[in-house]
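Trainee: I am new to this structure and would like to look closely at a single part of it. Could you take me through that part slowly, and then show me how it fits into its surroundings?

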Amino acid sequence: MCSDEWEATYLRFIRVVANPKKFARVLQKWQLNPNARILDLCCGNGSGLDVFWNAGFRNVYGLDISRNFLRRVRKDVPVVLADAQACPIRSGSFDVVIIHKALHHFFDHAPVLAEVKRMLKPDGFFCFIEPRKTWFRTLYHIVLMSPVAELFPPLARMRQAALIEEGPTYFTWLDNADAFFTMLEQQFSFVVESRTDDIMHHIVKCRNLPHQYAAAAGHDEYEGLQ
Ligand SMILES: C[S@@+](CC[C@H](N)C(=O)[O-])C[C@H]1O[C@@H](n2cnc3c(N)ncnc32)[C@H](O)[C@@H]1O
């Protein structure tokens, strides 16, 4: 759960950095069925849900842990206030689960992935967009965290404070993204079908392979997911 200051920064920052056109292009590339039941997990204020809606998707749902954010989601999209690690949603409910810039808020990704897996239909898709460690992002961090940032407009200083707050999980994510991909495929039997690593992000679409997963031994804690 994030602080009020972090949430205030997100709400101001998202207006600047949210790029609906870019997200719409990613959606086109993913070629999701327009009738698919789609869950935006950790949906925030719903800026991603708006892109789905404007692209003609009508079976879209949001889930987030912040009541403050969920209040801002468009009214025709049903939302759930919950922790992504324990979603009050029936198994096999969705054709697509998307996480947009939220995996880096978790130290341990296994509980979130287990929930994604459980909520997806067999052969459903898990799509995510997450920060990627590149020279460009590193440069951005160096500038943002330097004393020079004091000279920046207030929004940049708010972003600096937010980065410090989310830093422990965020930088752990950046340094361990490879391990996440291994876990995704080996422990949870997702098959990556499309992956773009651009100058700032990983953009990934992967398919749920439930039978392989069910066959994997030694995951008693995820019993009943199949
Ligand atoms: C960087 S924001 C991204 C929000 C949105 N996906 C977007 O692209 O604008 C991270 C989001 O993760 C949510 N979040 C963090 N921890 C969570 C948890 N345990 N369960 C559900 N949502 C969580 C936050 O409330 C926030 O909305």
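Mentor: Strand 2, residues 60-64, is mostly covered, with five of its five residues buried, and you should keep in mind throughout that we are reading a predicted model. The side chains of this strand point two ways: Val 60, Gly 62 and Asp 64 point one way, Tyr 61 and Leu 63 point the other way, and all of them are buried. Burial here is a matter of counting, because a residue is called buried when 20 or more other C-beta atoms lie within 10 Å of its own.

Let us turn to the partners of strand 2. On the one hand, strand 2 is joined to strand 1 by four bridges, and the two run parallel; within this pairing, Leu 63 of strand 2 has Leu 41 standing opposite. On the other hand, three bridges join strand 2 to strand 3, and these two strands also run parallel, with Val 80 in strand 3 as the bridge partner of Leu 63. In general, the strands of a sheet pair through backbone hydrogen bonds, in either a parallel or an antiparallel manner.

The chain's route into strand 2 can be described as well, since strand 1, helix 3 and strand 2 together make a right-handed β-α-β unit. Helix 3 (47-54) has a further role in the picture, for helix 3 and helix 1 (4-17) each supply at least two residues of the shell around the ligand. That shell has 19 residues, and those that come nearest to the ligand are Cys 42, Gly 44, Ile 65, Ala 84 and Ala 102. Sorted by class, the shell is made up of nine nonpolar, seven polar and three charged residues.

Stepping back to the whole sheet, we find an open arrangement of seven strands in the order 3-2-1-4-5-7-6, with mixed pairing. Its edges are formed by strand 3 (79-81) and strand 6 (190-197), each of which pairs on one side only. On average, neighbouring strands of this sheet are turned by 15° against each other, when direction is ignored. Following the order onward from strand 1 (residues 38-41), we reach strand 4 (residues 94-100), which runs parallel to strand 1 and is joined to it by four bridges; here Asp 40 stands opposite Ile 98 of strand 4. Finally, helix 7 (residues 154-187) packs on the sheet, where it touches strand 5 (120-131), strand 6 and strand 7 (201-208), and the direction of helix 7 makes about 150° with that of strand 6.

Technical notes
Residues are numbered from 1 along each chain as its sequence is written. This is a predicted model: local features need pLDDT of at least 70, side-chain atom pairs count only at pLDDT 80 or more; totals for chains, interfaces and linings use all residues. A residue is near a molecule or strand if its C-beta atom, placed from the backbone, lies within 6 Å of it. Ala, Val, Leu, Ile, Met, Phe, Trp, Tyr, Cys and Pro count as nonpolar, Asp, Glu, Lys and Arg as charged, and the others, Gly among them, as polar. Two strands pair if DSSP finds at least two bridges between them. Axes are lines fitted to C-alpha atoms, for helices over the stretch in contact, and angles run from 0 to 180 degrees between N-to-C directions. Two residues are in contact if their C-beta atoms, placed from the backbone, lie within 7 Å. A residue is buried if 20 or more other C-beta atoms lie within 10 Å of its own, exposed if 12 or fewer, and partly exposed in between; C-beta atoms are placed from the backbone. A crossover is right-handed if, with the strands pointing away from the viewer, the path from the first strand over the helix to the second runs clockwise.
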